[in-house]
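Here's a quick briefing to read alongside the model. It goes through the aromatic pairs, the ligand site and a couple of charge-over-ring contacts.

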Amino acid sequence: MRAAELFLARFGGPPDGVWLAPGRANLMGEHTDYNDGFVLPFALGQHIVAAAAGRGDGRLALGSRQHRQDDLEVAIADLAPGSVTGWAAYPAGVAWALREAGYAVPGACIAIDSDVPAGAGLSSSAALECATALALTELAGLAVPRPELVAIARRAENEFVGVPTGIMDQSASLLCRAGHVLLLDCRSLETTQVPFDPAAAGASLLLIDTRAEHVLADGEYGRRRAECEQAARLLGIPSLRDLTDPADADRLADPVLRRRARHVAADDQRVQEVVAMLNAPAGATAGTYREIGRLLTQAHASLRDDFEVSWAEADQAVEAALVAGALGARMIGGGFGGSVLALVPAAAGDLVRDAVAATFARRGWTAPEFLDAVPSDSARRVG
Ligand code: GAF
């Protein structure tokens, strides 16, 4: 990517450094993070890249290859929630959140480039926050521990941009390790790196961007959060994390709340099952991945029927992938658009792609995009 060239063109000199932060996919545990539950994401090999230089006048200047018309320059002291909109709200929000956390950010020029497809549900927004957070803190010589940076990036998204997300995406971008999935307990914030290498067992991970753009801010995500909170209140528990048996959701009289609670409890359980299988003393075998595939497909049904966040293109992509030989597949992320993650025997990769593409073509839908998902390292300095 060419963030450094963009920096030169936009700001007239070389950057002091270049940082990148990855997008993420989530193996298991969807809509569990804001219920204090468990998630199992991994970082992708696709990144947001931030080329940046410090400046001492308290101003933040931002440019992006993907949003050329929307350059921005502001005084950090003037930043307040709502004061910046559009893509620049994410990096500006990080400068604001750092300031709110008591860190002095002297100012910076930042040029952004990306190969994380936007709107694909792969957390390009969290990656933008995390690349900015690393650049701003390292330029200012601030040693902020990663877990604190996660919280700062999330605060930028929740309070400055105004999107009520959980903590999964920023955690994935800042804490994941190549060849692993990250087990995150969203209540204690304890993290465990779990070895995850489907290639060693003859399988691979395929992301299918359904090209139905996903928008978290449109109200459905917030509505799901509110429903979960109400379900927990009615069940007399602090959060749905505490519903350890999905069958206990039957105590809820309201059928919608019952379904929401059942999904969350069942997905928390599926996270634990996948982790137990990956950590089995015998190591992960082809059989392990077949079983993980089965759980993926089960999770899709739960997201579609109980949590009701799936969309037509995702349902069809899952179905076509399974018919063509995938071990399992499910929608990932917030829902209502974005991507499907399929676990595929290496030999069936082309068949699955062709089958999904043909299904979309038959329905006259925009052709899907395919991406190999390789569990990769978290955010870092690269120049
Ligand atoms: C989005 C949110 F940003 C995450 O916090 C998480 O809730 C996810 O949807 C659903 O699991 O990516």
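**Rings, ligand and charges**

F42 is a buried residue, and its relative accessible area comes out at 0%. Keep in mind that this is a predicted model. F196 counts as buried too, because its relative accessible area of 2% falls under the 20% cut-off.

**F42, F196 and company**

- The model has 6 aromatic pairs in total.
- F42 and F196 make up one aromatic pair, with 6.2 Å from centre to centre and 40° between the planes, which puts the pair in the tilted class.
- F42 belongs to strand 3 (residues 41–54), while F196 sits in the loop between strand 8 (191–195) and strand 9 (203–209), so this pair ties together parts of the chain that are 154 residues apart in sequence.
- What else joins in? Ring pairs link F42 and F196 with Y289 into a cluster.

**Y34 with Y221**

- Here the ring centres of Y34 and Y221 are 5.4 Å apart and the planes meet at 70°, so you can call this pair edge-to-face; the cut-off for that label is over 60 degrees.
- This pair also links distant parts of the chain: Y34 is in the loop between strand 1 (17–26) and strand 2 (38–39), Y221 is in helix 6 (residues 220–235), and the two are 187 residues apart.
- Both Y34 and Y221 are buried.

**Around the ligand**

- The ligand has 13 residues around it, and the closest are E30, H31, D33, D169 and Y221. Y221 therefore turns up twice, as a close neighbour of the ligand and as a partner in the edge-to-face pair with Y34.
- Sorted by type, the shell holds 4 nonpolar, 5 polar and 4 charged residues.
- For D33, a side-chain N or O atom is 2.5 Å from an oxygen atom of the ligand.
- E30 has a polar side-chain atom 2.7 Å from a ligand oxygen atom.
- R24 places a polar side-chain atom 3.0 Å from an oxygen atom of the ligand.
- How much of the ligand does the protein bury? Taken alone, the ligand exposes 310 Å², and 98% of that is buried by the protein.

**Charges over rings**

- R363 has its charged end over the ring of W365, 5.6 Å from the ring's centre.
- R260 lies over the face of F307, and the distance to the ring centre is 6.0 Å.

Definitions and conventions:
Residues are numbered from 1 along each chain as its sequence is written. This is a predicted model: local features need pLDDT of at least 70, side-chain atom pairs count only at pLDDT 80 or more; totals for chains, interfaces and linings use all residues. Side-chain values use heavy atoms; hydrogens and water are left out. A residue is near a molecule or strand if one of its heavy atoms lies within 4 Å of it. A polar contact is a pair of N or O atoms within 3.5 Å; within protein, one must be able to donate a hydrogen and the other to accept it, and residues adjacent in sequence count only if both atoms are side-chain atoms. Accessible areas come from the Shrake-Rupley method with a 1.4 Å probe; for residues, only the protein chains shown count as cover. Ala, Val, Leu, Ile, Met, Phe, Trp, Tyr, Cys and Pro count as nonpolar, Asp, Glu, Lys and Arg as charged, and the others, Gly among them, as polar. Rings of Phe, Tyr and Trp (its six-membered ring) pair if their centres lie within 6.5 Å; planes under 30 degrees apart count as stacked, over 60 as edge-to-face and the rest as tilted. Helices (H or I, at least four residues) and strands (E, at least two) are DSSP runs, numbered from the N terminus. Buried means under 20% relative accessible area, exposed over 50%, partly exposed in between (1.4 Å probe, protein chains only). A charge sits over a ring if NZ of Lys or CZ of Arg is within 6 Å of the ring centre and within 35 degrees of the ring normal.
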